[in-house]
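User: I'm new to reading protein models and would like a close look at a single part of this one. Could you take me through the largest pocket, and then show me what lies around it?

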Amino acid sequence: MNYNNLIIYSIWLIILASCGRKNTQNQDFSPKPKGYNRIDLPQVGYRKMEDIHPYNFEYSKYAQLLPDTFARAEPHWIYIDYPEFDANVQLTYKPINGDMARLQNMINDSRKLSFKHNVKAYSIQEKIYSAPNGNKANIIDLEGEVPSQVQFYMTDSSKHFLRGALYFKTSTQNDSLAPVIQYIKNDIIHLVNTLKWQK
């Protein structure tokens, strides 16, 4: 290929390449901001559970109560299942029978289970919530990419101990789930406000 042919060939390549390009100098470009899934939350509404456990409370009318199917589940362990959100609150119940050492062990175990998430959590806050009806609950909020974002336990200090933990069956990041976490946390507060121990 001689020098003149090489020049002509190069010019044709430049023309062809420039034809395929759009003039972007006059176009404004901005990257799309990071978005989150839209989550439509249902209106709040509650119903009372049946009197078949040593405890009773009101739970969301959008949830269902299911027996715990874990192989080592004990009687009166249940799930408050939220099918719309792929979430559940696992409730575990243990009788105390006036054994204060047993109660202290259950409180210690509950706190250990919560603080096991310390590796992935960037914040763990434990608060004592006092309900208008006199009930008290230790509520533990966990922030970060943890499997359980809210945990709590309640006791009457003599007969009953109830522990709960919120879990999601989805890989969606917790930042995206924040509105649902708060929605279910409000339901947990309502549970605390309405819980009654059976005699």
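Analyst: Fifteen is the number to start with: 15 residues line the largest pocket, and those nearest its centre are Trp-77, Thr-92, Asp-109, Leu-113 and Arg-163. Please keep in mind as you look that this is a predicted model. The volume of the largest pocket is about 350 Å³.

Which elements build this lining? At least two residues each come from strand E6, helix H2 (100–115) and strand E10 (160–168). Helix H2 is the biggest contributor to the lining of the largest pocket, giving four residues. If you sort the lining of the largest pocket by class, you get six nonpolar, five polar and four charged residues. As for how such spaces are found, rolling a probe the size of a water molecule over the atoms shows where empty space is left.

Now let's move to the next pocket. The second largest pocket has about 270 Å³ of volume. It is lined by 14 residues, with Leu-142, Glu-143, Asn-174, Ala-178 and Ile-181 closest to its centre. Here the elements that each give at least two lining residues are strand E8 (136–144), strand E9 (148–155) and helix H3 (174–194). Helix H3 has the largest share in the lining of the second largest pocket, namely six residues. By class, the lining of the second largest pocket splits into five nonpolar, four polar and five charged residues.

There is also an enclosed space to find. The structure has one cavity of 30 Å³ or more, and the largest cavity holds about 50 Å³ of space. Its lining is made up of Glu-58, Tyr-59, Ser-60, Ile-80, Tyr-82, Val-89, Asp-187, Ile-188 and Leu-191. Helix H3 turns up again here: along with strand E3 (58–60) and strand E5 (78–82), helix H3 supplies at least two residues of the lining of the largest cavity. The classes in the lining of the largest cavity are six nonpolar, one polar and two charged.

Tyr-59, one of the residues lining the cavity, leads us to Met-49. Where does Met-49 sit? You will find Met-49 in the loop between strand E1 (46–48) and strand E2. Along the chain Met-49 and Tyr-59 are ten residues apart, and their C-alpha atoms are separated by 7.1 Å. Is Met-49 buried or exposed? Met-49 has a relative accessible area of 4%, so it counts as buried, the cut-off being under 20%. Leaving aside residues up to four places away in sequence, Met-49 touches Tyr-55, Asn-56, Phe-57, Tyr-59, Leu-65 and Ile-78.

Two of those neighbours, Tyr-55 and Phe-57, bring us to the aromatic rings. Together with Tyr-93, Tyr-55 and Phe-57 form one aromatic cluster. In the whole model, the aromatic pairs number five. One of them joins Tyr-55 and Tyr-93; the pair is tilted, with 5.6 Å centre to centre and 45 degrees between the planes. This pair links distant parts of the chain, since Tyr-55 belongs to strand E2 (residues 55–56) and Tyr-93 to strand E6 (residues 87–95), 38 residues apart. Strand E6 is an element you have already met, as a supplier of lining residues for the largest pocket. Tyr-55 counts as buried because its relative accessibility is 0%, and Tyr-93, at 5%, is buried as well. Another aromatic pair is that of Tyr-153 and Phe-161, which is stacked: 5.8 Å centre to centre and 25 degrees between the planes. Both Tyr-153 and Phe-161 are buried.

Finally, let's step back to the whole chain. The protein chain has three helices and eleven strands, and in sequence order they follow the pattern α-β-β-β-β-β-β-α-β-β-β-β-α-β. Of its 199 residues, 39% are buried. About 13,000 Å² of the protein chain is exposed, and 52% of that area is supplied by carbon and sulfur atoms. Among contacts with a separation of 6 or more, 51% are between residues 24 or more positions apart.

Notes: Residues numbered from 1 in each chain as written. Predicted model: local features only at pLDDT ≥ 70, side-chain atom pairs only at ≥ 80, totals over all residues. Heavy atoms only, no water. Buried < 20%, exposed > 50% of the residue type's maximum accessible area, 1.4 Å probe, protein only. Contact = heavy atoms within 4.5 Å. Areas by Shrake-Rupley, 256 points an atom, 1.4 Å probe, with all protein chains shown as cover. Phe/Tyr/Trp six-rings, centres within 6.5 Å; stacked < 30°, edge-to-face > 60°. 1 Å grid on protein atoms, 1.4 Å probe; cavity = no way out; pocket = protein on both sides within 12 Å on 5 of 7 lines; lining within 4 Å. Points joined across faces, edges and corners; volume = space filled by probe spheres on them. Nonpolar A, V, L, I, M, F, W, Y, C, P; charged D, E, K, R; others polar.
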